[in-house]
Amino acid sequence: MGRLQIHVRNKLVAGALAAIPIAVTSFILWYIDTKARGLFGVAIPFLGIAITLALMYLLGLFVTSLLGRFLIGLADAILRRIPGLRDLYQSWKQIALTTGGHEGMFAHVVLVPDESGHMRMLGFSSGKPIEGDPNTCCVFVPASPNPTSGRLFFVPIDRCTTLDMTPQAALKLLVSGGNFVPPAIGAATFASRPIS
């Protein structure tokens with residue numbers, strides 16, 4: 001492949017990586033604005049976004065109130081008792097990113113060794129051992145730049161290096177294809193480098 005072809009390909013990929021988040025965000029905002037304005041019968045542009053944000057704020061106030069927490073706990077108890085739906089609900093609850101960041105499959109960002117043992121892979125883990133083996137945990141290693149696909153590994157807990165970074169920062173790293181690398185990655189790889 002010639003130098004010009006490589007240049008054009010690299011610029012097209014960089015342009016696509018820059019355009020996709022902008023296009024997706026614009027589409028979501030347009031969709032929310034259109035639907036909210038249609039629902040409330042408002043013709044003023046962008047007022048639908050303000051209405052949606054206000055409703056989300058009010059919902060946040062409600063779910064963090066005493067009554068809201070009680071109703072969410074009640075709904076949770078009911079959904080756990082419905083056959084068929086129970087398994088689906090618990091699976092989604094386990095992989096959900098929670099506000100506290102201490103539950104679910106994406107609670108901790110970890111580095112784990114690859115199959116050769118010479119390189120490390122970025123993954124997500126609940127940090128809890130699997131049932132029946134207190135020394136092994138489950139780690140989801142997502143693909144980059146599409147973190148919705150990946151592989152599931154069962155890794156000895158002592159081989160997992162927990163990183164001091166949020167799942168959101170790890171997802172940003174994955175989607176950027178390595179253009180954004182949080183300092184926690186460098187600190188962890190430097191600390192685990194053997195002394196020669």
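In this predicted model, helix α6 has three buried residues: Ala184, Ile185 and Ala188. Seen down the axis of α6, these buried residues fall within an arc of 105°, so they line one face of the helix. That fits a simple rule of helix geometry: an α-helix has 3.6 residues a turn, so residues three or four places apart point the same way. On the face turned away from the buried side, α6 carries the exposed residues Pro183 and Phe190.

What do the buried residues of α6 pack against? Their partners are β1, β2, β5 (161-162) and α5. Taking Ile185 on its own, and leaving aside neighbours within four places in sequence, its contacts are Leu122, Leu163, Met165 and Leu173.

Ile185 also belongs to the largest nonpolar core, which has 17 residues; Val109, Leu122, Phe124, Leu163, Met165 and Ala170 join it among those with the most contacts inside. Here are the elements that each supply at least two residues of this core:

| Element | Residue range |
|---|---|
| β1 | 108-113 |
| β2 | 120-130 |
| β3 | 133-142 |
| α5 | 167-176 |
| α6 | 183-191 |

Of these, α5 gives the most, with four residues. Apart from this core lies another one, of nine residues, including Val112, Val139, Phe153 and Val155.

Now for a polar residue. Ser125 sits in strand β2, and is it buried or exposed? Ser125 counts as buried, because its relative accessibility is 1%. A polar atom of the Ser125 side chain lies 3.0 Å from the backbone nitrogen of Gly127. Beyond residues up to four places away in sequence, Ser125 touches Gly104, Met105, Ala107, His108, Val110, Cys137, Cys138 and Val139.

Key: Residues numbered from 1 in each chain as written. Predicted model: local features only at pLDDT ≥ 70, side-chain atom pairs only at ≥ 80, totals over all residues. Heavy atoms only, no water. Core = buried A, V, L, I, M, F, W, Y, C linked by side-chain atoms within 4.5 Å. Buried < 20%, exposed > 50% of the residue type's maximum accessible area, 1.4 Å probe, protein only. Contact = heavy atoms within 4.5 Å. Polar contact = N/O pair within 3.5 Å; in protein donor to acceptor, adjacent residues only side chain to side chain. Arc of directions from axis to C-beta.
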